[in-house]
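Welcome to this tour. Please open your viewer, and we will go from stop to stop together.

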Amino acid sequence: MHRTCLCIVLTVSLGALEVVGECPWLERTLRAEWRLAPLGAVLDEVAGRGEVMQERSPGAIQLAAQAKVALVATSRQPLRQVLADLEAAAYVHLTATPQRLEVRTWREWRDARRRPVSYDLRQYGIGLDVEDRSAPLQGLGRDDSGGGGSLFSATADRAQAGPEPMSHWLTQTIRNLDQAQREEVGAVLRLLLTPEEEAALTTALEEHARGALATTRWVVTSGILDPGQALTAGVVSATVARDLASRLHPVRRLVLTALDGQKVTATDGQERTMGWDVDIVSAGMDPGVSPYRSGMTVELRPTRGNAAIELSLKLSWIEPLASATTALIAPSRRSAGEVALTAKPGDAANASMTEGYVDPGNRLVVDLPAEWAWTPTCHLAWADGRALILTAPHPSGQAVILVEALP
Amino acid sequence: MRTCAILCATALLTAAELPTSVNIAIKARPLIDLVDRLARACDAGLLVQARVVDRLGVVATYEFNDAAWMDVAGILAKDHRLLVRLNRDRLEVDDLDADLRARLVQRSYPIRMLFGLPAEQRDTINLSLPDPGGIGSRLLPPIVPAEPLNTVGLSELIRASVKPGEWPEVTSVGEYDADRTLVTQTPDMQGQVAEWLTATERKHAVMVQITLVALSRDPGATVLDAAAWQLASAGAGAPLGVIVVPDRGMNFHWSGTRRHVLMDVDRIQGVYDPIMTVIADGLRVSASPAITVAGVRLDAVLQLVDGQKLGERAVTTADGTPLLTLTTVERAESRVADTRLVPPGGAAVYRLGERVIAAAVQVVRLAP
């Protein structure tokens, strides 16, 4: 399950001799006998034999003064052939015109053919934020590993987080492409490329995208198996799983799709509010109401390996049981240290000063929920054709959770 | 006439051929002299690629007497990284690695599971009654991540395992990120690398499956071998649970009931502050298996809480005015935390109060 065939051909790819117009001088012959001869002298000899002018680019002037040529032929050959061999022997690009021989270095020729190309790397799965998904807190349980209201974390946190601006291989590839003038604006990459380089890079990026955007699909089925029925639990074949699935009731199915290494969740359940807490505020009882969620939650993170998929998953199956309530009473009381006005009996127009006031107290009914809970977790190497069956005793039979990969 | 000309031209083109033996000596001369004489020995021309032309200026001394062509080519390859080959009517000299370099591709491979699944530690709640106000039965312990894969020496291991000797300098095995490695090689070699990585991962992707079964009869042993387990488990009902865990990792099973109860009250500055708590019961098993040559070493904690009875205790003022009702709890709790060495296919047997619970241990590998 390797990702990406990064196939950018980086070897020097010379074009064939470029001929512009009618060049009968190319049919003249010459026997190459250059054994580490200076390139300048070689070019002069060829141009002289063809009786054409020679036009060297600035780079070619410099190269002609430094480079040497080792090219020997056993017989005279047309200049057309000699020039073609010279391109390989000297890394120059030659253009023949009726009157001239134009000489450029290979790099100059390549750079002249390059044109601006921009890639939105997100289209190839690079720089896309792969978001880990979390499920809300469920039941009376709590988990300290997820944080931020997460039900739980199917795996320990991964070291890397957030989008990768540009993958390592792409950086390397661009370096190999001899790209001094690249510009990265957000996820948009701007390069100067020849048509061949563009085609190769596009192919590589498309192949990368196939790996980076590949998803795996999972289905988690839960249900109750009637008491007394046979059951094989653990890692089983898909056939065993299918047989078991047909015997479960009521059946609940959660289907998830994840990118490589992404944590995804799915929930099927109910929620309601409950007054199940009390705060003491200013010497009085203040009801604390919060949501209570039950049902089935799945959280999984598949990570591709070479022989298998590393599957990390956590599940939560919560069923409310009959809940109770209890009453809390804060009795009325006189508060000391404060002053209150009390009307005098029979003299409504006047009042007397009395120390303290009477707090009427309050009565609060608090929910005491109860639940059946099962929170299995697994971390396993997942191979094709396998399924996972988890089980636990349930008040009405045997609870079963079945995990399968969808093709 | 035309046919004759074509035949002659073909003869000229194919006239060059490798000599049966090479007899050439150069003494303190540029290498170009040697390759030029090799070309003549082949009746061929010479084309030296620009990228290696500088190497032919190197002064060298060689003496070949009745040497085989392959030996001469081998020496030039070894001493100067030169590839010398006869192509039609000329001897071509190029960089030995140029061909290879042109065929190189880069591929990244996952390595997270290369030497086994990361051995994370996952534990579950403690079923013991929490201290009032505590969060004991609510809090799942955090997952303790596995140590990151130690990639020191991985590059050398791959080079030594996959066609050693076919990793010239232009190829590479390097770090891509924490979970992947980047290999630069030919497509053929990439295939070999992929095969080796797959086989290595498959070999190490070992998990332990622990199936918890309630036994109606005590077999009278703490550990059963595979045969004894077959006998003891005959007729047992559906499993109480199953734990799948990587070798040397930790995982758990728990299912049961949880209740929100008013367990305590604090009187603070004349006010009664109720303390709510979650209590849980059921069977909790935390298992850490390690595969050894003698069987599976099973470190386990089993805790069974059942027969829970809840009662009430009223809290009133001195004159009998009711304030609140505390929940009282009475239940049986049994617990075992020990280490067993379980033979392959066998089981560990635990006694928890009146119940006998077996943990059947099975090593699960990926199919070859």
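A residue is called buried when its relative accessible area is under 20%. Keep that cut-off in mind as we walk through this predicted model.

**Stop 1: a pair of rings in chain A**

Select Trp276(A) and show its side chain. Is Trp276(A) buried or exposed? Its relative accessible area is 10%, so Trp276(A) is buried. Now add Tyr292(A), which is buried too, with a relative accessible area of 1%.

Look at the two rings together. A pair of aromatic rings is described by the distance of the centres and the angle of the planes. For Trp276(A) and Tyr292(A), the centres are 5.8 Å apart and the planes meet at 90°, an edge-to-face pair.

Next, colour the two strands that carry these rings. Trp276(A) sits in strand S17 (residues 264-281) of chain A, while Tyr292(A) sits in strand S18 (residues 284-304) of chain A, so the pair ties together parts that are 16 residues apart in sequence.

**Stop 2: a cluster of Trp rings**

Stay in chain A and select Trp372(A) and Trp374(A). Their ring centres lie 6.5 Å apart with the planes at 55°, so this pair is tilted. Both Trp372(A) and Trp374(A) are buried. Add Trp317(A) to your selection, and you have a cluster of Trp317(A), Trp372(A) and Trp374(A) linked by ring pairs. Over all chains, the count of aromatic pairs is seven.

**Stop 3: chain B as a whole**

Now zoom out and select chain B. How many helices and strands are there in chain B? You should find seven helices and 19 strands. The radius of gyration of chain B is 38 Å, well over the 21 Å that the globule rule gives for 368 residues, so chain B is more spread out than a compact globule. Turn chain B around: its C-alpha trace spans about 130 × 60 × 45 Å along the principal axes.

Try colouring chain B by burial, and buried residues will make up 50% of its 368 residues. Then show its surface: the accessible area is about 17300 Å², with 52% belonging to carbon and sulfur atoms. If you colour by charge, the 38 positive and 43 negative charges of chain B have mean positions 2 Å apart.

**Stop 4: helix H2 of chain B**

For the last stop, select helix H2 (residues 31-41) of chain B. Its buried residues include Leu31(B), Ile32(B), Leu34(B) and Val35(B). Asp36(B), Leu38(B) and Ala39(B) are buried as well. Step just past the end of H2(B) to Asp43(B), which takes a positive phi of about 55°.

How values were computed
Residues numbered from 1 in each chain as written. Chains lettered and ligands numbered in written order. Predicted model: local features only at pLDDT ≥ 70, side-chain atom pairs only at ≥ 80, totals over all residues. Heavy atoms only, no water. Helix = DSSP H or I, 4+ residues; strand = E, 2+ residues; numbered from the N terminus. Rg over C-alpha atoms; globule rule 2.2 N^0.38 Å. Buried < 20%, exposed > 50% of the residue type's maximum accessible area, 1.4 Å probe, protein only. Areas by Shrake-Rupley, 256 points an atom, 1.4 Å probe, with all protein chains shown as cover. Lys, Arg positive; Asp, Glu negative; His and termini not counted. Charge placed at Lys NZ, Arg CZ, Asp CG, Glu CD. Phe/Tyr/Trp six-rings, centres within 6.5 Å; stacked < 30°, edge-to-face > 60°.
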